[in-house]
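Good morning, and thank you for joining. I would like to walk you through one helix and its surroundings.

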Amino acid sequence: MAFALTDEQQELRSVVERYLRQALPLDRLATIADSAAGWDPLSWGELSAMGWTGVTIPLELGGAGLGYVEQALVLEEMGRSLYSGPYLATVLAVPALSDEEQVDVAEGKTRWSVEVDGVVPDLDRVDRVVTATGAAVASGTVAPGIDPTRPVGRLDVEDRYPLPGAIDPAVLLLSLAAEALGVGRRALEIGVAYAKEREQFGRSIGSYQAVSHELADSFADLELARSLVYSAAWSLSNRPTAAFRAASIAKAFVTDAAVSAVERAIQV
């Protein structure tokens, strides 16, 4: 199967990348992470106004009515910009929500997270949480963890109400893989830029094989990672029976590739 992004999908990527580059320049990320909120809450209204909080929500519910390829595009660019808001967490919750709740998500009125093995990412940044037994108000104890941009917590409320759906494991795995792909891409870009400008013995360090080969390995890994992510995204929208396997493969490979890309960039 030959797979390539359509013109519309390429345009979506460009628009998301351009907005995030302007809204979240690299030198602003640390300031946002160290702020009291830990993210920029004002950005949520802007994301919903552009239709990105409801990418896969049907048109009749106020969403964009697009597929998981488009969702993966947005998540990849979110990862590339190191967006610290609860976008990923909300995306994971959407398949479980009622029509009315999806309308609120698309309009930016509510933010969601999901409980996985008793842990809730972005608990202090969302309104409600999807759990194994229904939905709960986002209230509990938050621990900052090693990444201040994505705190985790545990619910302390017992009141739950049923939901019509449940967390889709394939969506969970695909979303993690797409975001990790963006992180790896950003690390590679930073590494390449530095290798071009940093000089040693009168030459840019990128001209030395010990440096250039490391960056080339990251590039090769991330190109394969990209193929796996978008193959899994296509499967979710077009071949659901194959989606979980494809998403599992993508998540397993891409997260390792992203970590390696970051480690190589640090070494450079």
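Contact here means heavy atoms within 4.5 Å. This is a predicted model, in which local features need pLDDT of at least 70, side-chain atom pairs count only at pLDDT 80 or more, and totals for chains, interfaces and linings use all residues. Residues are numbered from 1 along each chain as its sequence is written, and side-chain values use heavy atoms, with hydrogens and water left out.

Helices are DSSP runs of H or I with at least four residues, numbered from the N terminus. Helix α1 covers residues 7-23. Its buried residues (under 20% relative accessible area, 1.4 Å probe, protein chains only) are Q9, L12, R13, V16, E17, Y19 and L20. Seen down the axis of α1, they fall within an arc of 165°, taken from the directions from the axis to the C-beta atoms, so they line one face of the helix. Among the elements covering them are α3, α4, α7 and α8. The face turned away carries D7, E8 and Q22, which are exposed (over 50%).

Which residues does E70, in helix α4, contact beyond its neighbours within four places in sequence? They are Q9, L12 and V55.

Let me close with the aromatic rings. Rings of Phe, Tyr and Trp (its six-membered ring) pair if their centres lie within 6.5 Å, and the count comes to 3 aromatic pairs. The ring centres of Y19 and W52 are 5.6 Å apart with planes at 70°, so this pair is edge-to-face (over 60 degrees). Y19 lies in α1 and W52 in the loop between α3 and α4, so the pair ties together parts 33 residues apart in sequence.

Definitions and conventions: Helix = DSSP H or I, 4+ residues; strand = E, 2+ residues; numbered from the N terminus. Expected span 1.5 Å × (residues − 1). Phe/Tyr/Trp six-rings, centres within 6.5 Å; stacked < 30°, edge-to-face > 60°.
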